Amino acid sequence: MFTSSCHKETKIERYAREARETTAQCPMAIDANTVMDSMTYAVDSHRFTYYYKVQGVSDSILIVNKEIYRRQILDRLLNSPEMLPYIMDKVSFRYIYRMDSAFNAEPVMDFLFDSLL
């Protein structure tokens, strides 16, 4: 008799895999000034974190327009059909932006979106 064990991927495993696969495609140009470095999924916080580097824009411009950027990211999250399953599963999202020239520096922008329902 032959027995086999089939493992159905859990949501947690899928989220971690998706983060690894996205990171494997990085660096990924988002626009002329922004590059995604990596993405992680943290089981303990049930959170995707996206890491970006910004170049060709002064940090003062980013800081002054921080609320505009936060709102744009939130609008994209809430209006993206691809993100709806994650939102429905109460995944939180964090977006961390550093200046390209500021290796290991404090983020110039750091947005956290919890409980989007």
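**A five-strand sheet, its helices and its salt bridges**

Strand β4 is largely enclosed by the rest of the structure, because six of its eight residues are buried. The model behind this picture is a predicted one, and β4 makes a handy starting point for walking through it.

On one side, β4 (residues 92-99) pairs with strand β3 (residues 47-54); the two run parallel, with eight bridges between them. Two of the matched positions can be picked out by name. F48 has F93 as its bridge partner in β4, and K53 is partnered in β4 by R98. Helix α3 (residues 66-78) packs on the sheet, where it touches β4 and β5. The direction of α3 makes about 35° with that of β5. On the β5 side, the pairing of β4 is antiparallel and rests on five bridges. Here Y97 finds its bridge partner in M109 of β5.

Zooming out, these strands belong to an open sheet of five, laid out in the order β1-β2-β3-β4-β5 with mixed pairing. The edges are taken by β1 (28-29) and β5 (109-113), each of which pairs on one side only. Helix α1 (residues 11-24) lies across β1, β2 (34-42) and β3. Relative to β2, helix α1 runs at about 155°.

Two threonines give a closer look at how the strands are surrounded. T34 sits in strand β2 and counts as buried, because its relative accessibility is 10%, below the 20% cut-off. Setting aside neighbours within four places in sequence, T34 is in contact with M28, A29, Y52, K53 and Y97. K53 is thus a residue with two roles in this account: a contact of T34 and the bridge partner of R98. Likewise, Y97 touches T34 and pairs with M109. T49, in turn, is found in strand β3. With a relative accessible area of 7%, T49 is buried too. Its contacts, not counting residues up to four places away in sequence, are S38, M39, T40, R94 and I96.

Next come the charged side chains. Side chains of opposite charge can pair when their charged atoms come close. In this model, the count of salt bridges comes to eight. One of them stays within a helix: E18 and R14 meet with 3.1 Å between N and O. The two are four residues apart in helix α1, so about one helical turn separates them. The partners are not covered to an equal degree, though. E18 is buried, at a relative accessible area of 18%, whereas R14 is partly exposed, at 26%.

Another salt bridge reaches across the sequence. D114 pairs with R47, and the closest N and O atoms are 4.0 Å apart. D114 lies in the segment after β5 and R47 in strand β3, so this pair ties together parts that are 67 residues apart in sequence. Again the cover differs between the partners: D114 is partly exposed at 40% relative accessible area, while R47 counts as buried at 18%.

R94 and D110 make a further salt bridge, with 2.5 Å from N to O. This one links distant parts of the chain, as R94 is in strand β4 and D110 in strand β5, 16 residues apart. Both ends are partly exposed, with relative accessibility at 28% for R94 and 31% for D110. Besides its salt bridge to D110, R94 also appears among the contacts of buried T49. Elsewhere, E9, R17 and E21 are joined into one network by salt bridges that share partners.

Finally, a nonpolar patch turns up on the surface. L84, M88 and L117 make this patch, which covers about 330 Å². L84 belongs to helix α4 (residues 84-88). How does L84 count in terms of exposure? At 46% relative accessibility, L84 counts as partly exposed, because the partly exposed class lies between 20% and 50%. That value also fits the patch rule, since patches are made of residues with over 30% relative accessible area.

How values were computed. Residues numbered from 1 in each chain as written. Predicted model: local features only at pLDDT ≥ 70, side-chain atom pairs only at ≥ 80, totals over all residues. Heavy atoms only, no water. Patch = residues over 30% accessible without salt bridge, like charges linked within 9 Å, V, L, I, M, F, W, Y side chains within 5 Å. Areas by Shrake-Rupley, 256 points an atom, 1.4 Å probe, with all protein chains shown as cover. Salt bridge = Lys/Arg side-chain N within 4 Å of Asp/Glu carboxyl O. Buried < 20%, exposed > 50% of the residue type's maximum accessible area, 1.4 Å probe, protein only. Pairing = 2+ DSSP bridges. Contact = heavy atoms within 4.5 Å. Axes fitted to C-alpha atoms, helices over the stretch in contact; angles between N-to-C directions.
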